[in-house]
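Colleague: I would like a close look at one part of this model, the sheet, and then a careful account of how the rest of the chain is arranged around that topic. Please take your time over it.

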Amino acid sequence: MAKLVPRPELTFWERIYFVEIFKGLATTFGHARRTLTNPAASITLMYPEVQPDIPRDYRARHRLMKRPDASPRCVACYMCSTACPARCINIVAEESPDHHIEKRPAKFEIDLLLCVFCGFCVEACPCDAIRMDTKQAILAGDNRADFVVDKAKLMDWDPKDYPDTDVQSQKAPGGKLHAQALEEFKSGTYH
Ligand code: SF4
Ligand code: SF4
């Protein structure tokens, strides 16, 4: 059932606009004065020379998580592609040589031109195999193919770029917890 949202009633001063225009100009000149008198506090960046510091929980370009042996954590269950509203995840599964895992992705592609960066794929994944915490939010390319990221590109990340508290990333090859995680992996106690 549709929900009716009441329109706010404007006062006389809001209806004639002049007061609101001057309130808007006061805000604009207030920002301009702060920037001119204290350039260090300016919120304008000299982009692209200065890149914005994007928060880790911002939904940016995806990555596929890795096991200690550098294989993908993904078990090709298709839950992410099923949850994806844009139908932009293309997975081809194959049999895994590890009988504990059963399946793995032979192909895993995301078309970022179709993606709406909703994060449903991350939420749907049952084994923390896909994340959107790369901070790579500024995507540029000169042809459509550049925006189709394949498995190799999705797995091309370095644990050094992720915080020590990110245990799963640090257990991947090159991470601070990798040696211990690899031992656990070989002994079959790794999760
Ligand atoms: S972020 Fe949303 S649209 Fe993009 S791949 Fe994931 S589920 Fe699909
Ligand atoms: S990324 Fe996660 S949800 Fe998607 S196929 Fe792999 S294991 Fe399943």
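Modeller: In this predicted model, strand β2 and strand β3, the latter covering residues 103–111, are paired in the antiparallel sense over seven bridges. Two positions let you follow that pairing by eye: N90 stands opposite E109 in β3, and A93 stands opposite P105 in β3. Strand β3 also pairs with β5, again in the antiparallel sense, but here over two bridges, and on this side I110 stands opposite V149 in β5. Taken together, the three strands make an open sheet in the order β2-β3-β5, with antiparallel pairing. Because β2 (89–95) and β5 (148–149) each have a single partner strand, they stand at the edges, and one side of each is left without a neighbour in the sheet.

Just past β3 the chain enters the loop that leads to α4 (120–124), and L113 has its place in that loop. L113 is in contact with R144 and F147 once its neighbours within four places in sequence are left aside. The second of these residues, F147, is 34 residues away along the chain, yet the C-alpha atoms of L113 and F147 are separated by 6.2 Å. L113 counts as partly exposed because it has 13 other C-beta atoms within 10 Å, whereas 20 or more would be needed for a residue to count as buried.

The sheet may now be set beside the nonpolar core. The largest nonpolar core has 15 residues, and those with the most contacts inside it are L64, C74, C80, C121, C125, A129 and I130. L64 repays a closer look, since, when residues up to four places away in sequence are not counted, it touches P72, C74, F108, A129, I130, K151, L154 and M155. One of these contacts, F108, lies within the span of β3, residues 103–111.

Some of the core residues also appear around the ligands. Ligand 2 has 13 residues around it, of which C74, C77, M79, C80 and C125 come nearest, and by class the residues of this shell divide into 13 nonpolar, no polar and no charged. Around ligand 1 there are 14 residues, and here C84, C115, C118, F120 and C121 come nearest; this shell has 13 nonpolar, one polar and no charged residues. C74, C80 and C125, named among the nearest residues of ligand 2, are also among the core residues with the most contacts, and C121, named for ligand 1, is another of them.

A few backbone details deserve attention when you inspect the loops. Most residues other than glycine have a negative phi, and most peptide bonds are trans. Y78, in the loop between β1 and α3 (79–83), has a phi near 70°, which is a positive value in a residue other than glycine. Y78 counts as partly exposed because 15 other C-beta atoms lie within 10 Å. Y17, found in the loop between α1 (12–15) and α2, likewise has a positive phi, near 70°, without being glycine; with 11 C-beta neighbours inside 10 Å, Y17 counts as exposed. The peptide bond from Y47 to P48 is cis, with omega near 10°, and P48 lies in the loop between α2 (18–37) and β1 (63–64).

Finally, the sheet should be read against the whole protein chain, which contains seven helices and five strands and follows, along the sequence, the pattern α-α-β-α-β-β-α-β-β-α-α-α. The radius of gyration of the chain is 24 Å, while a compact globule of 191 residues would have one near 16 Å, and along its principal axes the C-alpha trace spans about 75 × 50 × 35 Å. Of the 191 residues, 17% count as buried. Among contacts with a separation of 6 or more, 63% are between residues 24 or more positions apart.

Key: Residues numbered from 1 in each chain as written. Chains lettered and ligands numbered in written order. Predicted model: local features only at pLDDT ≥ 70, side-chain atom pairs only at ≥ 80, totals over all residues. Near = placed C-beta within 6 Å. Nonpolar A, V, L, I, M, F, W, Y, C, P; charged D, E, K, R; others polar. Pairing = 2+ DSSP bridges. Helix = DSSP H or I, 4+ residues; strand = E, 2+ residues; numbered from the N terminus. Core = buried A, V, L, I, M, F, W, Y, C linked by C-beta atoms within 7 Å. Buried ≥ 20, exposed ≤ 12 C-beta atoms within 10 Å, placed from the backbone. Contact = placed C-beta atoms within 7 Å. Rg over C-alpha atoms; globule rule 2.2 N^0.38 Å.
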